[in-house]
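Colleague: Please take a close look at one part of this model, a packing of one helix against another, and then set that part in its wider context. I would like a single connected account rather than a list.

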Amino acid sequence: MNHSYDYVIVGAGSAGCVLANRLSADASVRVLVLEAGGWDRDPLIHIPLGWGKILQGRLHDWGYFCEPEDNVNGRKVECARGKIVGGSSSTNAMAYVRGNPADYDGWAQSGLDGWSYAHALPYFQKQETWEGGGDDYRGDSGPLGTQFCRYRDPLVEAFAAAGQAAGFSWTEDYNGAQQAGFGRLQMTIRNGRRCSGATAYLRPVLRRQNLTVEVEALTTRVHFEGAAATGVDYVKEGQSHTVRAEREVILAGGVINTPQLLMLSGIGDAAELKAHDIPVQTALPGVGKNLRDHVSVILMYQRREPGPFHRNMRADRIVRDLGRAYFFGTGFASDVPGGVVAFLKSNPDLALPDLQYLFTAAPLGAWPYFKPFKQPFTDGFATRLVMLQPESRGTVSLASADPAAHPRIWQNFLAHDTDWRTLRAGVRIARDIAAQSPLAPFIAKEILPGSDKVSDDAIDETIRNTAITVHHPLGTCRMGAEDDEMVVVDAELRVRGTERLRVVDASVMPTLVRGNINAAVVMIAEKAADIIAGHDVLAPCG
């Protein structure tokens, strides 16, 4: 093998950046990080408002699409995943949501005792510096900067007031004592710029002599000696390389790429591997299974009078503000047009929220315009309805044995009747909120689905035509109890049937959390770093 390191980390997304920082803190160990994408130098990454352009243009992205599915009218729903240093934390919408405490207690009840909310909370606190300071729930000295969304528009306050007028509660901090209800959206933004895993964890330690980062390096296979992982192959600039891992190989490539790499390395369902002429190293039928994701439906409205977003998107103004945000962290482009989120129940008899509402105080897909144009775009806003606990599960499988080929992603969206009932109820709740008096001055009409779409069949038609992922896929290498044959990693994230091989990313999450998943991924990586380094894990709270 060409080179030797103690730890080889595959993937420089959120988890990989955390691991690189924490493991290389020991100057006696050598750490290599392999990232298939490039460096995060694009200014749009660091300007919060640039997120819309990144998503619409599929910039710094793997370009994945799901297989066509009947429940979404045969559409190939996009599956955006960051291919860049920082991973999806360099391309996402920057919402900071930990999920509900009951999510992690559910993990513990399934046999993962060390992953309860009490065990997770110290690592949530360790990861962040919250603008409100530390308390029983929040951290005040972590690498990840978190703050309330600071976007200013009277429409945002009206949406919050409409939620309370509809009978829903207000929570001061949905990452604190109480998640349910309406609250101010929290963001991974620091000093007016995106605070990704790269800027929070990786870039501050790049000068460490024991840390090496290789970009545009596609890992193609894990090497084994017997059951022990001993290194990896990767391709960079058309040249093949092999590196040795003296202690561990750690896969942090994410929910799509990690199971793909395991299968390419002979770890997975034996029949599927043999179909691609891949020798079986370890038969693990759960690899690539249990794909879970949040399904999203959008309600769009035309605004009666143009608001701040419409005014500020004029070309001469937005160019100036993009510069202000990038160089000084100030101005209109230093945040995103939102500010309110809600966690609600589709049925009042439920114990926990199963719906999330993300409010966008702007029309989707709007572009900068020039002054001579009278009507550049019609101003509007949107409510994105997210189903937090879908019953449906999908799979990730190989399309071929070629590491450069995209795997097959089968989301199996809306395969259960309960998922349809939840989304229908969610649409009706969103409409009830929009009908409240605080929003009346702002709404000209409902554009999508359209006010005439009121029956179950009409709503279902809209869902089939428009439902998409909200980009929270997880679970394809899930952790769990030893007696479950579909479990891929144990409670310490070691791949079953192997030695010196771990998975640390969203693929290990056994079930969905109620909310965006980046904070949970960082939490998992923080704890994994302590486990791998042989440190005592943080004591549970309470």
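Modeller: An axis here is a line fitted to C-alpha atoms, for a helix over the stretch in contact, and the angle between two axes runs from 0 to 180 degrees between N-to-C directions. With that in hand, and bearing in mind that the model is predicted, we can turn to helix H1, residues 14–23, and helix H14, residues 518–533, which pack at an angle of about 35 degrees with their axes 8 Å apart. The crossing of H1 and H14 is right-handed. On the H1 side the contact is made by Ser14, Ala15, Val18, Leu19, Arg22 and Leu23, while H14 contributes Asn518, Val521, Val522, Ala525, Glu526, Ala528, Ala529, Ile532 and Ala533. Sorted by class, the residues in this contact of H1 with H14 are eleven nonpolar, two polar and two charged.

As for the wider context, H1 and H14 belong to a protein whose secondary structure comes to 14 helices and 23 strands. The radius of gyration of the protein is 23 Å, close to the 24 Å that the globule rule gives for 542 residues, so the protein is as compact as a globular protein of that length. Its C-alpha trace spans about 70 × 50 × 50 Å along the principal axes.

Elsewhere in the chain, the second largest pocket holds about 220 Å³ of space and is lined by 15 residues, with Ser346, Leu350, Asp354, Gln389 and Thr422 lying nearest its centre. Helix H12, residues 417–434, supplies the largest share of that lining, five residues, and by class the lining has five nonpolar, five polar and five charged residues.

Two backbone details complete the account. A cis peptide bond, with omega about 0 degrees, joins Leu448 and Pro449, and Pro449 lies in the loop between strand S21 (443–448) and helix H13 (456–466). Asp277, in the loop between helix H9 (270–275) and strand S14 (282–283), has phi near 60 degrees, a positive value in a residue other than glycine.

Methods:
Residues are numbered from 1 along each chain as its sequence is written. This is a predicted model: local features need pLDDT of at least 70, side-chain atom pairs count only at pLDDT 80 or more; totals for chains, interfaces and linings use all residues. Side-chain values use heavy atoms; hydrogens and water are left out. On a 1 Å grid over the protein atoms alone, a cavity is a set of points where a 1.4 Å probe fits but cannot get out, and a pocket is an open set with protein on both sides within 12 Å along at least five of seven lines; lining residues have an atom within 4 Å of a point. Grid points are joined across faces, edges and corners, and a volume is the space filled by probe spheres set on the points. Helices (H or I, at least four residues) and strands (E, at least two) are DSSP runs, numbered from the N terminus. Ala, Val, Leu, Ile, Met, Phe, Trp, Tyr, Cys and Pro count as nonpolar, Asp, Glu, Lys and Arg as charged, and the others, Gly among them, as polar. A crossing is left-handed if the near helix is turned anticlockwise from the far one by less than a right angle, and right-handed if clockwise. Contact means heavy atoms within 4.5 Å. The radius of gyration is taken over C-alpha atoms; the globule rule is 2.2 Å times the number of residues to the power 0.38.
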